[in-house]
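I opened this notebook to record what I looked up in one structure. The entries follow the order of my reading.

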Amino acid sequence: MTRRSFVDRAGTLIGLIVVATIFGILVGRQFYAPGNLDLMARQAAIVCVSAIGMTIVIAAGGIDLSVGSIIALTTVAIAIALRAGMGPLAAAVAGVAAAAVCGLLNGLLITRLNVIPFIVTLGTMLVVRGAAKGLADERRIEAPFTWLNDLLRAERGPAMVPWGIWGVFATAILIAALLRYTRFGRHVFAIGSNERMARLCGVAIPRTKVVVYTLSGLLTGLAGLLQFSKLSVGDPTVGVGAELDVIAAVIIGGGSLTGGRGSVAGTIMGAAIMTIIQIGCSQKGLANWVQQIVTGAIIVAAVAVDRVRSAKGH
């Protein structure tokens, strides 16, 4: 670990402790009660798994604005599959596969058309949201109750925490190892740091970017699966604005919008900070508009800090 990455992670950890302390004082002892911590963990899990995918995208110098729409499409696809008589595992695979196809589409459009990721994913954000609404006939889709609905249910058995959260931990470890110890991970950071130099060094830029966006779509599909578990329905309107929370989690965790930096551990802490703010504001009884101002201010501050870090880096 470099000195700079250590400082980034230490800063994020200090920010997490400060935010948790502030809301602990404002809300009271019940903020740290096991039940409340369990609630925050389940809430953070959805943002966290999608943000892990966004970490790969941002480390490669890209951006993905379609994650909220992909989450909605995943819940709709799972609900439709269950209502069609598919088993829960097959329905989950179908939903996650649909999300991965959306990521693959993003990657192909960005590399084949040579269009910046912001424009492509802005367009696919609308396309995917429209597809989700069309498939659901602009209504929520009720689905039969299966074990998928228990993925984020509080567990008091040997697992201690819901199985969905264990899945997020396993995913985080897998992606962290992928980025740190594999050639693919080195290529991702090389492209994000200096794409021209990476090309001269023989990195397959288009292929790597397609894999990056497909992985992001797949991980967002897992977030959609957890969202379905929480809602128990397919909802084409869910996840509106989720892309901002996900991007903010990555930036707060040390990622850079200019590419070349980002870590899974930092992103998890960033997602935890966003969740504490949202749940803390809600439990303090603050109006929704106050919560939106606080969240927006955090996003602006995170981008400003990223700019300062980038300037110092040059």
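The entries below go from the whole chain to single helices, loops and residues.

**Entry 1: confidence**

I noted at the outset that this is a predicted model. I looked up the confidence of the chain and found a mean pLDDT of 88, with 93% of the residues at 70 or more. I then asked where confidence is lowest and where it is highest. The lowest mean, 73, belongs to helix α12, residues 288-313. The highest, 96, belongs to helix α4, residues 88-112.

**Entry 2: overall build**

I looked up the secondary structure and recorded 12 helices and two strands. Read along the sequence, the order is α-α-α-α-α-β-α-α-α-α-β-α-α-α. The radius of gyration is 19 Å, close to the 20 Å that the globule rule gives for 314 residues, so I entered the chain as being as compact as a globular protein of that length. The C-alpha trace spans about 55 × 50 × 40 Å along its principal axes.

I also looked up burial and contacts for the chain. Of its 314 residues, 51% count as buried. Among contacts between residues at least 6 apart in sequence, 78% join residues at least 24 apart.

**Entry 3: aromatic pairs**

I searched for aromatic pairs and found three in the structure. One of them joins phenylalanine 23 and phenylalanine 31, which are stacked at 6.4 Å centre to centre with 25° between the planes. The angle meets the criterion for stacking because planes under 30 degrees apart count as stacked. Phenylalanine 31 also pairs with tyrosine 32, here edge-to-face, at 5.5 Å centre to centre and 85° between the planes. Ring pairs thus link Phe23, Phe31 and Tyr32 into a cluster.

I then asked which members of this cluster are buried and which are partly exposed. Phenylalanine 23 is buried, at a relative accessible area of 9%, and phenylalanine 31 is buried as well, at 1%. Tyrosine 32 has 42% relative accessibility and counts as partly exposed.

**Entry 4: helix α2**

I checked the length of helix α2, residues 34-59. Its 26 residues should span 38 Å at 1.5 Å a residue, and its end C-alpha atoms are 35 Å apart, which agrees. I also looked for a bend and found one of about 35° at alanine 45. On burial, 19 of the 26 residues of α2 are buried, so I recorded the helix as largely enclosed by the rest of the structure. Glycine 61 follows α2 and has a positive phi, near 85°.

**Entry 5: helix α4**

I made the length check for α4 as well. The helix has 25 residues and reaches 36 Å from its first C-alpha to its last, close to the 36 Å expected at 1.5 Å a residue. Among its buried residues I listed Ala91, Gly95, Ala99, Cys102, Gly103, Asn106 and Ile110. What do the buried residues of α4 pack against? They pack against α3, α5 (117-135) and α9. Just after α4, asparagine 114 takes a positive phi of about 55°.

**Entry 6: glutamine 227**

I looked up glutamine 227 and placed it in helix α9, residues 205-231. I asked whether glutamine 227 is buried or exposed. Its relative accessible area is 10%, and glutamine 227 is therefore entered as buried, because under 20% counts as buried. Leaving aside residues up to four places away in sequence, glutamine 227 touches Ile46, Ile71, Thr75 and Val238.

**Entry 7: loops**

I located alanine 84 in the loop between α3 (67-83) and α4. Alanine 84 is exposed, with a relative accessible area of 63%. Its C-alpha atom is separated by 9.5 Å from that of alanine 143, 59 residues apart along the chain.

I turned next to the loop between α5 and β1 (141-142), where aspartate 137 lies. Its phi is near 55°, a positive value in a residue other than glycine. Glutamate 138 lies in the loop between α5 and β1 too, and its phi is also positive, near 60°. I recorded glutamate 138 as exposed, at 65% relative accessibility.

Technical notes: Residues are numbered from 1 along each chain as its sequence is written. This is a predicted model: local features need pLDDT of at least 70, side-chain atom pairs count only at pLDDT 80 or more; totals for chains, interfaces and linings use all residues. Side-chain values use heavy atoms; hydrogens and water are left out. pLDDT is the predictor's confidence in each residue, from 0 to 100. Helices (H or I, at least four residues) and strands (E, at least two) are DSSP runs, numbered from the N terminus. Rings of Phe, Tyr and Trp (its six-membered ring) pair if their centres lie within 6.5 Å; planes under 30 degrees apart count as stacked, over 60 as edge-to-face and the rest as tilted. Buried means under 20% relative accessible area, exposed over 50%, partly exposed in between (1.4 Å probe, protein chains only). The expected span of a helix is 1.5 Å times one less than its number of residues. The bend at a residue is the angle between axes fitted to the seven residues ending there and the seven starting there. The radius of gyration is taken over C-alpha atoms; the globule rule is 2.2 Å times the number of residues to the power 0.38. Contact means heavy atoms within 4.5 Å.
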